[in-house]
Structure formats: C-alpha cells, structure tokens
Amino acid sequence: MFDVPVAIIIFNRPSFVKKIYDVLQQVKPENIYIISDEAREEVKGEKEKVLSSRFIAENPGWKCNTHVLYAEKNMGCDMRIKSGLDWLFSKVEYAIVLEDDCIPDVSFFSYCDELLKRYRNDDLIQYIAGSNQIDTYPINNTSYVFTYEAWTWGWASWARAWNNQKGVISNYNKTIKDIFALNIISLSEKVNKIRALKRYIKQGDSPWDINFTWNALIEQKLSIVPRTNLVNHIGFTEEATHVKEAFPGYDGRTIPMEFPLKHPQTIEEEKGYHSAAYNWHRETLFQKLRDIRFYKRQLCKILKGLINIKFFKKN
C-alpha cells in the first residue's frame with residue numbers, strides 16, 4: 001500500500017475520474033481525499049454527472065480510507081479547490097494533489113513519495129510538479145531540477161507551504177511592488193504578470209494555482225520539476241473552467257521516471273529553465289498567428305458577424 005495521502009479533485013467528468021482510478025489501482029493509496037463541488041442548478045444533467053463522479057471516487061476497488069468534502073451548493077472551481085485544499089492540509093502534513101483531468105504515469109507517485117520525505121523540513125522548497133513540457137531544455141544529469149515556478153498539473157506539497165500563502169488580490173499594491181522588485185524574472189514577465197493581475201482584479205479573484213505559485217515566486221521559494229513529463233493534462237475541452245484549448249505545441253505524453261532518483265548536488269535554481277518555461281507558456285501574438293485553430297476561430301467570428309449584419313439590414 002502507498003502511504004502518501006492522495007487528494008482527488010472531481011466535478012462533472014466521470015470518464016476522467018475513471019482514468020485516474022485506473023492508474024491509482026496500480027498504486028493503491030491507503031488514504032484518498034475526495035474534493036467535489038456541487039452541480040450548478042442551471043446546467044441540465046450536471047447533477048447526474050457529479051453523482052456518477054463521486055460514486056466512482058468513493059468505490060476505488062481496493063481497501064483504503066476515503067475522506068470526502070462535498071459542497072452543498074456550487075462554489076465555482078477556484079473557491080472549491082482553494083477551500084478543499086485548506087481542508088486537506090489541515091488534516092495531513094503532505095499530500096499528492098490531482099485534478100480529475102490530470103492523468104499521471106505510475107512512476108509519478110514514487111517520485112513524489114521520495115521527494116516529499118526528502119524535503120519535508122526544507123522551507124525553501126514549495127511544491128513538487130509532475131508536469132514538464134519544456135523539451136527544448138533537456139535535463140540530462142539529474143532526475144529533476146529546481147525552478148521558481150512550475151505547473152500544478154499533478155503536484156505534491158506540504159501543509160507548511162500551502163498554509164503560508166497570502167492573497168495576491170487582497171494585497172494588490174504589495175503584489176505589484178513585490179513582482180517589480182524581483183531580480184529573478186525578466187521585465188517582459190513582470191509586465192505580463194501585472195497585466196494578468198489586473199484581469200484577476202476585474203474578475204474579483206485569482207485562480208487558486210496562480211495565488212499559490214505566485215506566492216512562491218515572490219518569496220523566491222523553489223519548486224521541483226521532473227526530468228520527464230509525468231502527468232498528461234487531458235482537460236482542454238469546452239467543459240474546462242480556465243483553459244479550453246491546449247497551448248500551441250503542448251504534448252501531454254508521459255515518460256516514466258527512472259529510479260533510483262539522481263538528486264542535484266545543491267539546492268539552487270536551474271539557470272535558464274524558468275525563462276525557457278516562460279517563453280513556452282506566454283501567449284504572444286506570434287504564437288497565436290502560428291496557431292491554425294486561432295485563424296479558424298477568427299474567421300468563424302467574422303463570418304457570423306457578416307451574416308448577422310446582412311440579416312438585420314434586410315429586416
């Protein structure tokens with residue numbers, strides 16, 4: 001049995017939950033924490049999907065302890081995940097966290113297990129990522145590297161890290177000052193983060209993962225990124241809350257981690273990795289112009305607009 005607690009965040013995609021549990025069946029965690037939002041009343045048929053997702057999660061097929069936190073009313077993705085992880089890390093010292101659209105390779109669990117215990121008392125390390133999309137920056141000599149910001153598409157962390165974060169929106173002015181004061185990111189990245197922060201202000205809140213990862217960046221805490229990609233993000237669909245289409249060049253294929261792990265000799269940032277990740281991730285005009293799907297979407301919008309104009313002119 002696998003002794004690291006595993007948290008599963010589910011909602012209305014039972015087929016995704018089944019995929020995760022097909023992997024978990026090979027690991028057999030002793031303790032599973034299930035976090036679920038309630039269905040939206042205005043969405044027809046969603047209640048049944050939520051109940052189906054919960055049924056699959058509550059019946060894993062092996063003997064284990066299941067702990068559940070179900071919302072009584074729909075809270076929305078970010079509020080549900082944030083409050084759910086508050087609950088999780090009030091009960092455990094460390095845990096692996098998987099949203100229902102993050103399908104891990106089996107080796108992801110042993111990788112997290114070893115590193116959670118190795119760095120449990122090192123406050124410099126904030127979280128352990130399972131995703132690595134930067135194939136243009138090869139990691140050859142170690143099993144993982146340290147960087148200042150990573151993905152939360154399958155990750156692990158400690159209560160000491162999660163409970164230490166502050167609100168980037170509620171501390172808006174301080175957040176701006178802190179970002180501009182950083183000497184570990186480029187001016188371009190600073191500007192893009194400030195623009196994103198202003199969008200979040202208009203929305204009234206920031207995504208849960210932005211708050212967590214930006215806190216780590218501002219405090220210059222390190223995250224861990226594996227040499228190979230260990231988690232496949234399959235949630236780029238119309239049902240997604242934040243990202244409905246994959247980033248240009250995204251390749252979710254996983255490659256198993258090799259053991260024993262080869263640890264870096266020192267705990268320090270891998271120079272160049274962060275900028276490589278930022279350049280891959282940022283939404284630039286060039287990336288959009290390269291994206292054929294972007295052209296198609298814009299063309300459809302233009303055609304629909306022309307059709308509507310002609311219709312109104314005739315009437």
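Here is a short chat about a predicted protein model.

User: Why are Tyr144 and Phe146 in strand E7 called buried?

Analyst: The cut-off is the key. Buried means under 20% relative accessible area. Tyr144 and Phe146, on one side of strand E7 (residues 144-147), are buried, and so are Val145 and Thr147 on the other. Both faces of E7 are therefore covered.

User: What makes E7 and E9 a pair of strands?

Analyst: Two strands pair if there are at least two bridges between them. E7 and strand E9 (residues 222-226) are joined by 4 bridges, so they count as a pair. They run antiparallel, and Thr147 stands opposite Ser223 in E9.

User: How many helices and strands are there in the protein?

Analyst: You'll find 11 helices and 10 strands. As for burial, 50% of the 315 residues in the protein are buried.

User: Which residues lie nearest the centre of the second largest pocket?

Analyst: Those are Asn132, Ile134, Asp135, Asn229 and Ile255, out of 16 residues that line the pocket. Its volume is about 350 Å³.

User: Why does Asp135 count as charged, and Ile134 as nonpolar?

Analyst: It goes by residue type: Asp is on the charged list and Ile is on the nonpolar one, so Asp135 and Ile134 are sorted that way. By class, the lining of that pocket has 6 nonpolar, 6 polar and 4 charged residues.

User: What share of the exposed area do carbon and sulfur atoms supply?

Analyst: They supply 53% of the roughly stated total, which is about 16,500 Å².

Definitions and conventions. Residues numbered from 1 in each chain as written. Predicted model: local features only at pLDDT ≥ 70, side-chain atom pairs only at ≥ 80, totals over all residues. Heavy atoms only, no water. 1 Å grid on protein atoms, 1.4 Å probe; cavity = no way out; pocket = protein on both sides within 12 Å on 5 of 7 lines; lining within 4 Å. Points joined across faces, edges and corners; volume = space filled by probe spheres on them. Helix = DSSP H or I, 4+ residues; strand = E, 2+ residues; numbered from the N terminus. Buried < 20%, exposed > 50% of the residue type's maximum accessible area, 1.4 Å probe, protein only. Areas by Shrake-Rupley, 256 points an atom, 1.4 Å probe, with all protein chains shown as cover.
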